[in-house]
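Biologist: Before I go near the bench, could you walk me through this model?

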Amino acid sequence: MALQGPIPISFELLFPYGCYVVGEVTAAKDFDAKRDTQAKDKVTGLPVWQVPVMDADPSLKAAQKTVTVKILSEVQPVVPPSLPGVPLAPAEFEGLEVKPYVHQATGRLAYSISARVMRAPRTAAGKSSNAAKDAA
């Protein structure tokens, strides 16, 4: 099979309605280590951070809305500013990958989502101007 390892995916495909940060960025724990240490990505060696996000897709059930995105970064990522009067921060991710695995307890297929960058969403104007630059 040609697919091996993580599967690259665009933000627009994974979160077509966008997403919102609903918690703090924390260090991901290395469950294989004997001590309480931060996980490091096996391929890049970068520290792994995690942040809970809520998928804005209105068709999802409540239990499917919140997922954890792992961010591979030397420094702790900063949550983008929240919306005025709302405790939610819209975010976009770059360098997204989906890693399928079989959940040990249930035997069901599950997914781990990782990214390289978390940032505030680009405006529609920013997206179209970037598209124009790419086309040139």
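What follows is a chat about the chain layout, the salt bridges, the surface and the pockets.

Modeller: One thing up front: this is a predicted model, so to speak of local features we ask for pLDDT of at least 70, side-chain atom pairs count only at pLDDT 80 or more, and totals for chains, interfaces and linings use all residues. Residues are numbered from 1 along each chain as its sequence is written, and side-chain values use heavy atoms, with hydrogens and water left out.

Biologist: What pattern does the chain follow along the sequence?

Modeller: Helices (H or I, at least four residues) and strands (E, at least two) are DSSP runs, numbered from the N terminus. By that rule the chain has three helices and nine strands. Read along the sequence, the pattern is β-α-β-β-β-α-β-β-β-β-β-α.

Biologist: And what percentage of the residues count as buried?

Modeller: Buried means under 20% relative accessible area, exposed is over 50%, and partly exposed is in between, with a 1.4 Å probe and protein chains only. Of the 136 residues of the chain, the buried share is 29%.

Biologist: How far apart in space are Ile 7 and Glu 97?

Modeller: Ile 7 sits in strand β1 (residues 7-8), and it counts as partly exposed because its relative accessibility is 29%. Ile 7 and Glu 97 are 90 residues apart in sequence, but C-alpha to C-alpha the distance is 5.2 Å.

Biologist: Let's talk charges. How many salt bridges are there?

Modeller: Side chains of opposite charge can pair when their charged atoms come close. The rule here asks for a side-chain nitrogen of Lys or Arg within 4 Å of a carboxyl oxygen of Asp or Glu. By this rule the count of salt bridges is six.

Biologist: Which residue forms a salt bridge with Glu 12?

Modeller: The N to O distance in this salt bridge is 3.8 Å, and the partner is Arg 122. The pair links distant parts of the chain, 110 residues apart, with Glu 12 in helix α1 and its partner in the loop between β9 (117-119) and α3 (124-135). Glu 12 is partly exposed because its relative accessible area is 41%. At 34% relative accessibility, the partly exposed partner is Arg 122.

Biologist: Is Glu 92, which also pairs with Arg 122, buried or exposed?

Modeller: The closest N and O atoms of Arg 122 and Glu 92 are 3.5 Å apart. That pair is 30 residues apart, with Glu 92 in strand β6 (residues 89-94). Glu 92 has a relative accessibility of 3%, so it counts as buried.

Biologist: Which residues are linked in a network of salt bridges?

Modeller: There's another pair to bring in: Arg 119 and Glu 94, with closest N and O atoms 2.6 Å apart. Arg 119 is in strand β9 and Glu 94 in strand β6, 25 residues apart. Arg 119 counts as buried because its relative accessibility is 18%, while Glu 94 is partly exposed at 36%. The linked residues are Glu 12, Glu 92, Glu 94, Arg 119 and Arg 122.

Biologist: Over to the surface. Which residues make the nonpolar patch of about 330 Å²?

Modeller: Patches are made of residues with over 30% relative accessible area and no salt bridge, joining like charges within 9 Å and nonpolar side chains (Val, Leu, Ile, Met, Phe, Trp, Tyr) within 5 Å. Leu 109, in strand β8, is exposed because its relative accessible area is 55%. The patch is made by Val 102, Leu 109 and Tyr 111.

Biologist: Which element gives the most to the lining of the largest pocket?

Modeller: A pocket is an open set of points on a 1 Å grid over the protein atoms alone where a 1.4 Å probe fits, with protein on both sides within 12 Å along at least five of seven lines; lining residues have an atom within 4 Å of a point. The largest pocket is lined by 21 residues, and those nearest its centre include Lys 29, Lys 42 and Lys 70. Elements giving two or more residues to that lining are β4 (48-55), β5 (66-72), β7 (97-102) and β8 (109-115). With four residues, the one that gives the most is β8.

Biologist: What volume does the second largest pocket have?

Modeller: A volume is the space filled by probe spheres set on the grid points, which are joined across faces, edges and corners. For the largest pocket that comes to about 780 Å³. For the second largest pocket, the volume is about 440 Å³.

Definitions and conventions
Accessible areas come from the Shrake-Rupley method with a 1.4 Å probe; for residues, only the protein chains shown count as cover.
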